[in-house]
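Trainee: I am new to this structure and should be grateful for a close look at one part of it.

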Amino acid sequence: MAKKYYTYLLLAALIFVLAACTSDSDVEVSDEEGNTEEPAAGGDLVASYATDVSSLDPAGQNDLPSDQRRNVIYEGLLYLNDELEPEPRLAETYEQTDETTWEFHLREGVKFHDGTEFTAEAVKANIERIVDPAVASSRANIFEMIEEVNVIDDYTVEIITEYPFAALPNYLAHDAGGMVSTTVIDEDYQNAIDEAGLDMTLDEFYELRENGGEAYEEAAEEAGSHTGAVVEQKPVGTGYMKFQSRSPGENVVVERFDDYWDTPAKLDTITFKVVAEDASRIAELETGQSHFIQGFDNAQWDRIENHPEMETHPVYNLSNEYVGMNTQEGPLEDKRVRQAIGHMVDKETIMDGIYYGIGRTMKGALQEEILGYNENLEDLQYDPERAKELLEKAGYGDGFDLTIMTNDSPERVDLAIYLQEELKEVGINLNIEQLEWGAYLEAVSNGEHDLFLLGWPNPVGDPNQGIWPLFHSSMQGAGGNRTFFDNEEVDELLEQGRRELDDNKREAIYQEIDEILVEEQPAVFIRQAQSANAARTEVEGLYISHFNKPDFRNVTINEQ
């Protein structure tokens with residue numbers, strides 16, 4: 001498939017620029033004769049997405065469409081390169097001083113879009129905000145291991161974790177770590193205090209939060225329905241683009257931040273447009289009404305790749321599609337029954353027939369790019385005869401009924417139908433129950449299913465996030481463990497894995513977990529998804545990360 005792999009040279013160039021630049025917010029561009037000039041205009045780019053942004057607040061909804069827009073406005077202390085290694089962003093350097101203590105040295109001269117200076121106080125304010133019960137962020141769990149954030153001086157901050165946590169730098173690179181202006185944070189809390197009618201000053205509220213206890217719980221509950229309102233209206237970060245406007249359901253517009261601490265972006269503006277239908281987004285790309293689109297049906301790859309004015313920018317996501325089984329219900333309590341179902345899943349056939357060959361088949365829970373991936377992992381092979389033997393041994397040779405739940409995603413519906421036909425061969429009558437997204441998530445989180453179809457992203461590029469939420473017993477239900485898997489050995493290994501600081505030992509731990517998961521078979525991992533992105537050929541300098549987030553800082557539009 002043409003142009004399926006974008007070059008890593010873009011990333012090398014980006015890293016070179018980041019490494020070579022210090023604080024240059026006051027430096028002007030000069031020509032050969034020494035005359036200063038403004039950054040060259042790069043044009044107005046239109047990027048179309050299927051869904052609207054749900055929140056422009058890093059502490060807001062935990063969804064990819066929102067992150068893809070927020071990613072240009074906010075920055076964190078670190079980011080992950082293509083090898084999923086943490087690299088400096090707003091932190092210049094960092095070190096681990098003991099098992100639970102990390103020290104970060106910040107860039108000097110960085111300004112938020114509103115002119116507020118970025119300092120250690122901003123780091124403390126942002127981390128404490130996202131775990132604040134008054135904010136009730138759906139992303140608070142990303143930083144649940146952080147016990148203290150201490151300001152050492154203006155440009156040095158200390159983070160202490162409750163227990164040794166090897167992957168802290170990866171977690172700090174998560175979008176939840178996007179830094180919001182402290183001026184806006186204070187204004188947001190003040191607004192919440194006023195709207196809730198609390199009889200206290202902002203300083204008194206912060207002091208109460210510091211002390212915790214029932215008094216703060218009551219204040220947080222009253223203020224909680226009002227927090228975030230100001231940040232949504234004034235999304236102010238340090239990123240290379242700054243917020244200009246938002247029309248809900250239509251678009252979000254951002255413009256270049258000329259005082260950016262690094263080299264300013266080349267584009268003048270980016271309009272993130274909402275175009276719900278796949279066909280309409282592709283048509284917009286064909287006609288030039290959009291320069292970039294995200295998301296389209298797998299059947300459309302050839303149409304785009306064969307068009308002279310369009311090209312694909314596919315990315316192997318750090319996510320998976322899987323068939324989950326409720327391990328605490330009926331026949332599925334027996335691992336032999338789960339293994340039998342695993343033996344009836346022909347992953348290659350599914351890849352070709354349902355996903356049009358787009359993506360990679362998976363053996364276990366971890367993708368190739370993640371620490372702990374084991375290329376020699378022995379997966380269950382498609383084998384109907386072995387499946388029948390296992391069902392006989394488990395006492396289900398005469399067959400039984402199961403229900404599989406899915407949402408209305410066409411590919412998931414097709415997969416459910418495929419499984420229905422395959423399982424007939426071994427006497428399992430599979431009924432399909434299709435629900436709308438909200439009702440579906442609620443049902444499978446409540447354990448109302450036998451089998452279900454779902455995906456799981458890994459937004460921090462670490463094996464802990466790829467496995468812990470799905471299979472640690474403490475995460476049963478809405479936390480992510482919708483198979484209701486409860487295995488003492490896996491729990492212990494997961495707890496060791498997140499605390500172990502030696503990468504070689506961590507790798508061995510997660511490989512052992514994957515072997516147990518194949519044996520226990522609480523889920524059949526089908527596919528590592530490949531994101532469908534496309535752009536006009538006149539768009540140059542586009543980079544898209546493993547997390548399917550476009551970086552537009554080096555993009556130019558070279559009109560044909």
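Trainee: At what angle do helix α16 and helix α17 pack, and how far apart are their axes?

Mentor: Please bear in mind that this is a predicted model. Helix α16, residues 463–471, packs with helix α17, residues 488–499, at an angle of about 150 degrees, and their axes are 11 Å apart. The crossing in which α16 passes α17 is left-handed. On the side of α16, the contact is made by Asn464, Ile467, Trp468 and Phe471, while α17 contributes Val490, Asp491, Leu494, Glu495 and Arg498. By character, the residues of this contact divide into five nonpolar, three charged and one polar.

Another helix, α9, may serve as a companion example. Within α9, which spans residues 278–287, the buried residues are Arg281, Ile282, Glu284 and Leu285. These lie on the same side of α9, because they cover an arc of only 155 degrees around the axis. Ala279 and Thr287, on the other side of α9, are exposed. Just after α9 comes Gly288, with a positive phi of about 85 degrees.

The cover over the buried residues of α9 includes the strands β3, β12, β13, β14 and β21, together with helix α10. These strands also appear in an open sheet of seven strands with mixed pairing, in the order β10-β11-β12-β3-β13-β21-β14. Its edge strands are β10 and β14, each of which pairs on one side only. From one strand to the next, the twist averages 20 degrees. Within the sheet, β13 and β21 run antiparallel and are joined by three bridges; Gln294 has Asn533 of β21 as its bridge partner.

How values were computed. Residues are numbered from 1 along each chain as its sequence is written. This is a predicted model: local features need pLDDT of at least 70, side-chain atom pairs count only at pLDDT 80 or more; totals for chains, interfaces and linings use all residues. Side-chain values use heavy atoms; hydrogens and water are left out. Axes are lines fitted to C-alpha atoms, for helices over the stretch in contact, and angles run from 0 to 180 degrees between N-to-C directions. Helices (H or I, at least four residues) and strands (E, at least two) are DSSP runs, numbered from the N terminus. A crossing is left-handed if the near helix is turned anticlockwise from the far one by less than a right angle, and right-handed if clockwise. Contact means heavy atoms within 4.5 Å. Ala, Val, Leu, Ile, Met, Phe, Trp, Tyr, Cys and Pro count as nonpolar, Asp, Glu, Lys and Arg as charged, and the others, Gly among them, as polar. Buried means under 20% relative accessible area, exposed over 50%, partly exposed in between (1.4 Å probe, protein chains only). The arc is that of the directions from the helix axis to the C-beta atoms. Two strands pair if DSSP finds at least two bridges between them.
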